[in-house]
Amino acid sequence: MEAWPDDFRCPITLEVMTDPVILPSGHTFERRSIQRWLDGGHLTCPVTNLPLPPSPPLIPNHALRRLIAAVAPSAVAAPVPSEGPAQGRQEAAPAVQSSSSVAALLRLAKSGAAGRREVLESGNAAVLLRHAAAGDEAATRALLLLTLDGDDARVGLVADGAVDALSAAVRRGGAVAALAATALTSLATVDVNKCSIGAHPSVIPELVGLLRRGGPRERREAATALYELCKLPENRRRAVREGVAPALADFAAVGSARAVEVLGLLAKCREGRQELCKIPGIVSVLSGVAGSGTSRAIEQAVLVLNWICSESNELALEAIKLGAFQLCETLVNDDNCKIAKNAVELARTLETA
C-alpha cells in the first residue's frame, strides 16, 4: 500500500478517493462508500458516530479532488457532472494571461456587482486563480472582491478551485497572504464552504503558519479566517491538531481580541480544552485579557478560564493565586449579562478547587 496522506483516503475503505464528498459532519468520504453506508440504514457519521439529518446532502469536495488529481492523476476518475459547467466556462474563457489583463479584471471587479458578475460569467475567475496562486496581489484582491457577490458566487468559486489558489497565496506570506486569508473568511461564511475549506489538507495548516510567523495584519486576518472556519466543530479539531492553540495564546497575549474569540470556540471541544491546559502561562494570559480587554474578549476569556479550570485543578489554583476571585467579584456586576454570568460560573468552579 502506497504512503498516501490520510486525507486522501476514505475513512471507510481506506482507499484513495476518486469522488470525495463531504457529509454535514464535516468529514469526507468516497461517494460510493458513504452512499452504501446511508443506504444500509445508518443515521450517523461513520467517523464521529454523531447523528446526521434525514437524507444528508453529499457535497462534492472539489478542492480535495483537485489535489488528489494533481498528486496522482491516475487515481481520480473522470470529472463528476457537477464540475462540468465550471470547466465549460473556463474552456470558453478568453486567453487572458498578462498582468495588465489582471489589472483590468481588478478594475472590473471594483466597478460594482455588474462588473463582478461579468468576471465570473466570462470564466476569467480562472485567470485570477492562477495569478493569485503565484502570489499576484492584484489577482488576490480581485478574488476577494468576487467573494462579495453573494453565496452562489462563493460556492461557485470554491467549486472552481479557489481554495487551492488561496491556500498557495497564504503560504507566500506578506500582503498577498493577508488578502488571501480575508478571501477565505468571506468564502467560509457559507456553511457548505466551511466543510470544503476546512477539509482541504493545506488551508488550516497554512493559516496556522501565518498566525505564527506573519506580521500584525497577517496574523489578524489568519485569526479571523480561523474564527469563521472553527464555527464548524470538525474544523476546531483540525485546527487543534495543527497546533493552533499556542499560536492563538501568543497572539492573545499581545492584545488580539479575535484570538481570544477563537480560543473560545476551541474550548467547546474536549481536544481543544486539553491543548489549552498544556500551554505555559495560559491562565496569566486569559486573566490579563479578562481584566483589561474589550467586552467581547472579556466574555470569552472568562468563559475559557472556567472551562480549563474545570479540566485542571492545578490551573484553578493558579487562577486563584492570580486574583481570579477578585476579578469575578468585579465582573459579576458588569452591565454585560454574559460577562456577569460567566464570572459567576467561574467563581463557582474555583470554589471547588
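These are my notebook entries on helix packing, buried residues and salt bridges in this structure, which is a predicted model.

**Entry 1: helices α8 and α11**

I began with helix α8, residues 151-159, and helix α11, residues 191-199, and found that their axes come within 10 Å and cross at roughly 20 degrees. Angles under 35 degrees count as roughly parallel, and α8 and α11 are therefore roughly parallel to each other. I noted the handedness as well: α8 passes α11 in a left-handed crossing. I then looked up the residues that make the contact, and these are Arg154, Val155 and Val158 on the α8 side, which meet Val192, Asn193 and Ser196 on the α11 side. Sorted by class, this contact of α8 with α11 comprises three nonpolar residues, two polar residues and one charged residue.

I stayed with α11 to ask how many of its residues are buried. Seven of the nine are, and the helix is mostly covered. The buried residues of α11 are Asn193, Lys194, Cys195, Ser196, Ile197, Gly198 and Ala199. Of these, Asn193 and Ser196 also appear in the contact with α8.

**Entry 2: isoleucine 22 in β1**

I turned next to isoleucine 22, which I located in strand β1, residues 20-22. Its relative accessible area is 0%, so I recorded isoleucine 22 as buried. Which residues does isoleucine 22 touch, not counting those up to four places away in sequence? I listed His27, Thr28, Pro57, Leu58, Ile59, Asn61, Cys195 and Ser196, and the last two of these are among the buried residues of α11. For asparagine 61, which lies 39 residues from isoleucine 22 along the chain, I looked up the separation of the two C-alpha atoms, and it is 6.1 Å.

**Entry 3: helix α9 and serine 167**

For helix α9, residues 162-171, I found that eight of the 10 residues are buried, so this helix is largely enclosed by the rest of the structure. The buried residues are Ala162, Val163, Ala165, Leu166, Ser167, Ala168, Ala169 and Val170. Just after α9, I noted that glycine 173 takes a positive phi of about 75 degrees.

I picked out serine 167, whose place is in α9, for a separate look. Serine 167 has a relative accessibility of 1% and counts as buried. Leaving aside neighbours within four places in sequence, I found serine 167 in contact with His200, Ser202, Val203 and Glu206.

**Entry 4: helices α16 and α19**

I then examined helix α16, residues 257-266, against helix α19, residues 295-311, where the axes are 9 Å apart and the helices pack at an angle of about 35 degrees. Here too I recorded a left-handed crossing, with α16 passing α19. From α16, the residues Ala257, Val260, Glu261, Leu263 and Gly264 meet Arg296, Ala297, Gln300, Ala301, Val304 and Trp307 of α19. By class, the contact of α16 with α19 has seven nonpolar, two polar and two charged residues.

Arg296 and Glu261 are both in that contact, and I checked how their side chains meet: arginine 296 and glutamate 261 form a salt bridge, with a distance of 2.8 Å from N to O. This pair links distant parts of the chain, since arginine 296 belongs to α19 and glutamate 261 to α16, 35 residues apart. Is each partner buried or partly exposed? Arginine 296 is partly exposed at a relative accessible area of 33%, whereas glutamate 261 is buried at 11%.

**Entry 5: other salt bridges**

Searching the whole structure, I came to 19 salt bridges. One of the pairs I looked up is arginine 31 with aspartate 19, whose side chains meet at 2.8 Å, N to O. Arginine 31 lies in helix α1, residues 31-39, and aspartate 19 in the segment before β1, so this pair ties together parts that are 12 residues apart in sequence. Arginine 31 counts as partly exposed, at 27% relative accessibility, while aspartate 19 is buried, with a relative accessible area of 14%.

I also noted the salt bridge of glutamate 221 with arginine 220, in which the closest N and O atoms are 4.0 Å apart. Glutamate 221 is buried at a relative accessible area of 15%, and arginine 220 is partly exposed at 42%.

Notes: Residues are numbered from 1 along each chain as its sequence is written. This is a predicted model: local features need pLDDT of at least 70, side-chain atom pairs count only at pLDDT 80 or more; totals for chains, interfaces and linings use all residues. Side-chain values use heavy atoms; hydrogens and water are left out. Axes are lines fitted to C-alpha atoms, for helices over the stretch in contact, and angles run from 0 to 180 degrees between N-to-C directions. Helices (H or I, at least four residues) and strands (E, at least two) are DSSP runs, numbered from the N terminus. Angles under 35 degrees count as roughly parallel, over 145 as roughly antiparallel, 65 to 115 as roughly perpendicular and the rest as oblique. A crossing is left-handed if the near helix is turned anticlockwise from the far one by less than a right angle, and right-handed if clockwise. Contact means heavy atoms within 4.5 Å. Ala, Val, Leu, Ile, Met, Phe, Trp, Tyr, Cys and Pro count as nonpolar, Asp, Glu, Lys and Arg as charged, and the others, Gly among them, as polar. Buried means under 20% relative accessible area, exposed over 50%, partly exposed in between (1.4 Å probe, protein chains only).
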